[in-house]
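Student: Hi! Could you walk me through some side-chain contacts in this one?
Tutor: Happy to, let's look together.

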Amino acid sequence: MQAAGFRGSLRVVTDWATRRRRAETSRSALPARCPAARTIARAMTLRRHDLAREEALMVAAIEAKVPELATAAVLLDRFQRMVRKRSVEHLAEWLEAAATSPLASFARGIKADEAAVTAALNEPWSNGRTEGQINRLKMLKRHMYGRAGLVLLKARLIGAVS
């Protein structure tokens, strides 16, 4: 290192290596308590390169200890890709694979309404704007809970639109 231009002493390098080694062993140890289900779900549904190092280590530990969750994460990723690319070709094989996984309940729901899911993947239309308007109306209604009734709601709704 000195030949490459490093001017520090052996002590500096030793201290740095010791701190780094201790930090890695403390991070790689499993946490004292299990992370929240929401934290696990978020970490397992994000792509690996979007995770912080600690989160990636947590996901690797979870996948090693609970392989069913790793299977579910792979299936969920495949389903997300189908929805993002709007491709319905692999839906039937995904439903078969998911039927025996932790996503079985979700797969049964998709299977029960397969025609609607197929149409959603094939058709260019979306009801997102409608859902947004409904969400806005419910928000206004919640803000006005217990005040003046329908007349004020109508006035606020019309006032918000114009």
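Tutor: We'll go through the aromatic pairs and then the salt bridges.

Student: Anything I should know before we start?
Tutor: This is a predicted model, where local features need pLDDT of at least 70 and side-chain atom pairs count only at pLDDT 80 or more, while totals for chains, interfaces and linings use all residues. Residues are numbered from 1 along each chain as its sequence is written, and side-chain values use heavy atoms, with hydrogens and water left out.

Student: Okay, how many aromatic pairs are there?
Tutor: The search of the whole structure turns up three. Rings of Phe, Tyr and Trp (its six-membered ring) pair if their centres lie within 6.5 Å; planes under 30 degrees apart are stacked, over 60 edge-to-face, and the rest tilted. One of the pairs is Phe79 with Trp94, which is tilted, at 4.8 Å centre to centre and 40° between the planes.

Student: Where do Phe79 and Trp94 lie?
Tutor: Phe79 is in helix H4 (residues 67–85) and Trp94 is in helix H5 (residues 91–98), so their pair ties together parts 15 residues apart in sequence. Helices here are DSSP runs (H or I, at least four residues), numbered from the N terminus.

Student: Is Trp94 buried or exposed?
Tutor: Trp94 is buried, with a relative accessible area of 0%. Buried means under 20% relative accessible area, exposed over 50%, and partly exposed in between (1.4 Å probe, protein chains only). Phe79 is buried too, at 12%.

Student: And what about Trp94 and Phe106?
Tutor: Their ring centres are 6.1 Å apart and their planes are at 85°, so that pair is edge-to-face. Phe106 is in helix H6 (residues 104–112), 12 residues from Trp94, and counts as partly exposed at 36% relative accessibility. Phe79, Trp94 and Phe106 form one aromatic cluster.

Student: Nice. Switching topic: how many salt bridges are there?
Tutor: The count comes to six, where a salt bridge is a side-chain nitrogen of Lys or Arg within 4 Å of a carboxyl oxygen of Asp or Glu. Among them is Asp77 with Arg81, at 2.7 Å from N to O.

Student: How far apart are Asp77 and Arg81 in helix H4?
Tutor: They are four residues apart, so about one helical turn separates them. Asp77 is partly exposed at 30% relative accessibility, and Arg81 is partly exposed at 40%.

Student: What does Lys111 pair with?
Tutor: Lys111 forms a salt bridge with Glu114, their closest N and O atoms being 3.3 Å apart. Lys111 is exposed at 51% relative accessibility, whereas Glu114 is partly exposed at 24%.

Key. Helices (H or I, at least four residues) and strands (E, at least two) are DSSP runs, numbered from the N terminus.
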